[in-house]
Amino acid sequence: KARVRHILWLVQNQPESELAGMSEATIDPAGGSLADRAGYEKGKALWLEQVKAHQDTVMVLVNAAWFFKLPDKATAASLLTRAHAVDPGNRNSSAGLGIVYAAAIVGLTVMNQNRFPIEAEPEEARGPFAQKAREELNKSEDAEVVGTAGYYLNFWGGILNSLGKAPTDYDDLAEKCLTKAQTLDPGNPEWARDLAS
């Protein structure tokens with residue numbers, strides 16, 4: 001209860017702060033020991049108020065998106081797309097979009113306290129937003145979006161695959177995304193390193 005109270009205070013009073021965009025400031029509606037459905041609903045309402053009040057403030061949009069990253073991926077993607085429109089050069093919004101797309105494609109629903117995936121929903125991985133995420137990655141010309149998605153498809157997909165919970169094509173899609181990122185941004189050594197892994 002104290003944790004939720006602190007997070008809600010942070011959202012209400014410091015929505016632009018770095019802390020408000022950290023995983024520690026999220027409230028999962030279900031899944032882990034810190035999950036709190038009522039707390040999530042309160043946080044959701046507060047974030048939507050902040051987004052309405054700060055429609056052109058990139059960090060508020062990005063921080064709000066992080067809160068919705070697992071439970072409401074479509075909202076998270078919408079907020080990140082809006083942040084990108086306000087500031088196209090902001091790497092946080094581009095990378096965040098890649099993360100949300102990867103999470104949707106593998107159907108990620110729960111992470112542990114170390115931010116490793118522990119649960120995935122196959123229905124979500126086959127659902128309409130996951131299909132949209134695949135389409136967006138296919139047409140994106142943003143190396144940060146595509147490359148970040150590739151990295152997380154490989155990372156999360158590998159862990160979930162060991163648990164028998166990953167889509168069968170996660171590794172092929174990860175390689176495709178990273179190859180595309182390297183083509184779009186050949187001067188960035190990150191993509192070559194991630195491809196090698």
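How many residues lie between β1 and β2 in their hairpin? Five residues lie between these two strands. The model shown here is predicted.

**The hairpin**

Strand β1 covers residues 108-111, and strand β2 covers residues 117-120. The two strands pair in the antiparallel sense, over three bridges. Two of the partners are easy to find in the structure. Met111 stands opposite Pro117 in β2. Val110 has Glu119 in β2 as its bridge partner.

Now look at the turn. Arg115 sits in the loop between β1 and β2. Its phi is near 65°, a positive value in a residue other than glycine. Most residues other than glycine have a negative phi. How exposed is Arg115? Arg115 has a relative accessible area of 24%, so this residue counts as partly exposed.

**The nonpolar core**

The largest nonpolar core has 53 residues. Which members touch the most other members? They are Trp47, Tyr101 and Leu153. Helix α5, residues 91-106, gives the largest share of this core, with nine residues. In soluble globular proteins, nonpolar side chains tend to be buried together.

Take Leu153 as an example. Leave aside residues up to four places away in sequence. Leu153 then touches Ala102, Ile105, Val106, Gly158, Tyr170, Leu173, Ala174 and Cys177.

**Two helix pairs**

Helix α2 spans residues 37-53, and helix α3 spans residues 58-68. They pack at an angle of about 160°, with their axes 10 Å apart. An angle over 145 degrees counts as roughly antiparallel, so α2 is roughly antiparallel to α3. The crossing of α2 and α3 is left-handed.

Which residues meet in this pair? From α2 come Tyr40, Gly43, Lys44, Trp47, Leu48, Gln50 and Val51. From α3 come Val60, Leu61, Asn63, Ala64, Phe67 and Phe68. Trp47 thus appears in this contact, and Trp47 is also among the core members that touch the most others.

Next come α5 and α8. These helices pack at an angle of about 35°, with their axes 7 Å apart. Here α5 passes α8 in a right-handed crossing. Residues of α5 in the contact include Leu97, Gly98, Tyr101, Ala102, Ile105 and Val106. Residues of α8 in the contact include Val145, Ala149, Tyr152, Leu153 and Trp156. Tyr101 and Leu153 therefore take part in this contact as well as in the core, where they are among the members with the most partners.

**From buried to exposed**

Four residues give a feel for accessibility. Each sits in a helix or a loop. The table lists where each one is found and how accessible each one is.

| Residue | Place | Relative accessible area |
|---|---|---|
| Ala181 | helix α9 | 0%, buried |
| Met22 | loop between α1 (2-13) and α2 | 34%, partly exposed |
| Arg193 | helix α10 (residues 189-196) | 53%, exposed |
| Gly164 | loop between α8 (143-162) and α9 (170-184) | 64%, exposed |

Why is Ala181 called buried? Its relative accessible area is 0%, and buried means under 20%. Why does Arg193 count as exposed? Arg193 has 53% relative accessibility, and exposed means over 50%.

What does Ala181 touch? Not counting residues up to four places away in sequence, Ala181 touches Ala143, Val146, Gly147 and Trp191. Trp191 is ten residues from Ala181 along the chain, and their C-alpha atoms are separated by 6.6 Å.

**Sequence and space**

Distance along the chain is one thing, and distance in space is another. Met22 and Asn63 are 41 residues apart in sequence, and their C-alpha atoms are 7.7 Å apart. Asn63 belongs to α3 and takes part in the contact with α2.

Gly164 and Asn92 are 72 residues apart along the chain. Their C-alpha atoms are separated by 31 Å. Arg193 and Lys44 are 149 residues apart in sequence. From C-alpha to C-alpha, they are 37 Å apart in space. Lys44 is one of the α2 residues that meet α3.

Key: Residues are numbered from 1 along each chain as its sequence is written. This is a predicted model: local features need pLDDT of at least 70, side-chain atom pairs count only at pLDDT 80 or more; totals for chains, interfaces and linings use all residues. Side-chain values use heavy atoms; hydrogens and water are left out. A nonpolar core is a set of buried Ala, Val, Leu, Ile, Met, Phe, Trp, Tyr and Cys residues joined through side-chain atoms within 4.5 Å. Buried means under 20% relative accessible area, exposed over 50%, partly exposed in between (1.4 Å probe, protein chains only). Helices (H or I, at least four residues) and strands (E, at least two) are DSSP runs, numbered from the N terminus. Contact means heavy atoms within 4.5 Å. Two strands pair if DSSP finds at least two bridges between them. Axes are lines fitted to C-alpha atoms, for helices over the stretch in contact, and angles run from 0 to 180 degrees between N-to-C directions. Angles under 35 degrees count as roughly parallel, over 145 as roughly antiparallel, 65 to 115 as roughly perpendicular and the rest as oblique. A crossing is left-handed if the near helix is turned anticlockwise from the far one by less than a right angle, and right-handed if clockwise.
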